[in-house]
Amino acid sequence: MASGIRLRIIRLTYAEALTNKEIAHRLGRDPATTLHHVRKLVDTGFLAPQPVRRGNRGAKEIPYLSTGKSWDLSGEGSEALAEAMLEAYLAEVAELDRGELDQSRLVIRVTTDERREFEQRLADLLDEFRDRSTPEGDEQFAVYVATYPSR
């Protein structure tokens with residue numbers, strides 16, 4: 001999973017099944033490159049192939065849909081995965097129009113226990129909204145949260 005492209009493919013296919021060609025187009029990548037990642041995601045259970053359909057010229061197309069397995073990767077602890085998450089975030093933000101990104105930055109001075117409380121309450125809030133999320137929801141948006149020491 002330590003790949004920004006794979007994380008983006010999972011996000012793209014969360015609510016809508018897409019073919020490899022559609023995925024490649026949305027990512028601005030070569031279809032052969034994305035196919036490698038799609039196959040890995042299928043092999044590891046992060047994507048599921050959907051029923052075959054016919055494309056514009058009658059060619060067989062296989063759409064893929066995210067299985068939801070990757071919903072919470074925060075506990076993985078891998079440095080490579082952390083880098084991939086940041087890479088995916090930066091790539092997605094770079095594609096936004098001005099004003100589409102709502103961001104905040106805050107430095108807080110608290111005790112160690114208060115920091116743990118803050119992080120747990122934030123995790124609980126994210127979990128609550130994750131559990132409400134459905135592919136049929138009215139609006140889809142992404143959340144990226146990071147906490148780090150302020151030096």
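Helices here are DSSP runs of H or I with at least four residues, numbered from the N terminus. By that count, Y144 lies in the segment after α5 (112-132). The model is predicted. This briefing covers two helices, a surface patch and two single residues.

**Surface patch**
- M85, L86, L90 and Y144 make a nonpolar surface patch of about 330 Å².
- Y144 is partly exposed, at a relative accessible area of 33%.
- That value fits patch membership, because patches are made of residues with over 30% relative accessible area and no salt bridge.

**Helix α2**
- N20, I23, A24 and L27 are the buried residues of α2 (20-27).
- Viewed down the axis of α2, these buried residues fall within an arc of 100°, so they line one face of the helix.
- An α-helix has 3.6 residues a turn, so residues three or four places apart point the same way.
- K21 and H25 are exposed, on the face of α2 turned away from its buried side.
- Cover for the buried residues of α2 includes α1, β1 (18-19), α3 and β5.
- G28 follows α2 and has a positive phi, near 65°.

**Helix α3**
- Helix α3 spans residues 31-43, which is 13 residues.
- From first C-alpha to last, α3 reaches 18 Å, close to the 18 Å expected at 1.5 Å a residue.
- T34, H37, V38 and L41 are buried in α3.
- These buried residues cover an arc of only 105° around the axis, which puts them on the same side of α3.
- A32, R39 and D43 are exposed, on the face of α3 turned away from its buried side.
- Among the elements covering the buried residues of α3 are α1 (4-12), α2 (20-27), β2 (47-49) and β5 (63-66).

**R8 in helix α1**
- R8 sits in helix α1.
- R8 counts as buried, because its relative accessibility is 10% and the cut-off for buried is under 20%.
- Leaving out residues up to four places away in sequence, R8 touches L27, A88, A91, E92 and E95.
- Of these contacts, L27 is also one of the buried residues of α2.

**I62 in a loop**
- I62 is in the loop between β4 (60-61) and β5.
- I62 counts as partly exposed, at 35% relative accessibility.
- With residues up to four places away in sequence left out, I62 touches L18, T19, N20, P49, Q50 and V52.
- One of these contacts, N20, is a buried residue of α2.
- I62 and P135 are 73 residues apart along the chain, and their C-alpha atoms are separated by 19 Å.

Definitions and conventions. Residues numbered from 1 in each chain as written. Predicted model: local features only at pLDDT ≥ 70, side-chain atom pairs only at ≥ 80, totals over all residues. Heavy atoms only, no water. Patch = residues over 30% accessible without salt bridge, like charges linked within 9 Å, V, L, I, M, F, W, Y side chains within 5 Å. Areas by Shrake-Rupley, 256 points an atom, 1.4 Å probe, with all protein chains shown as cover. Salt bridge = Lys/Arg side-chain N within 4 Å of Asp/Glu carboxyl O. Buried < 20%, exposed > 50% of the residue type's maximum accessible area, 1.4 Å probe, protein only. Expected span 1.5 Å × (residues − 1). Arc of directions from axis to C-beta. Contact = heavy atoms within 4.5 Å.
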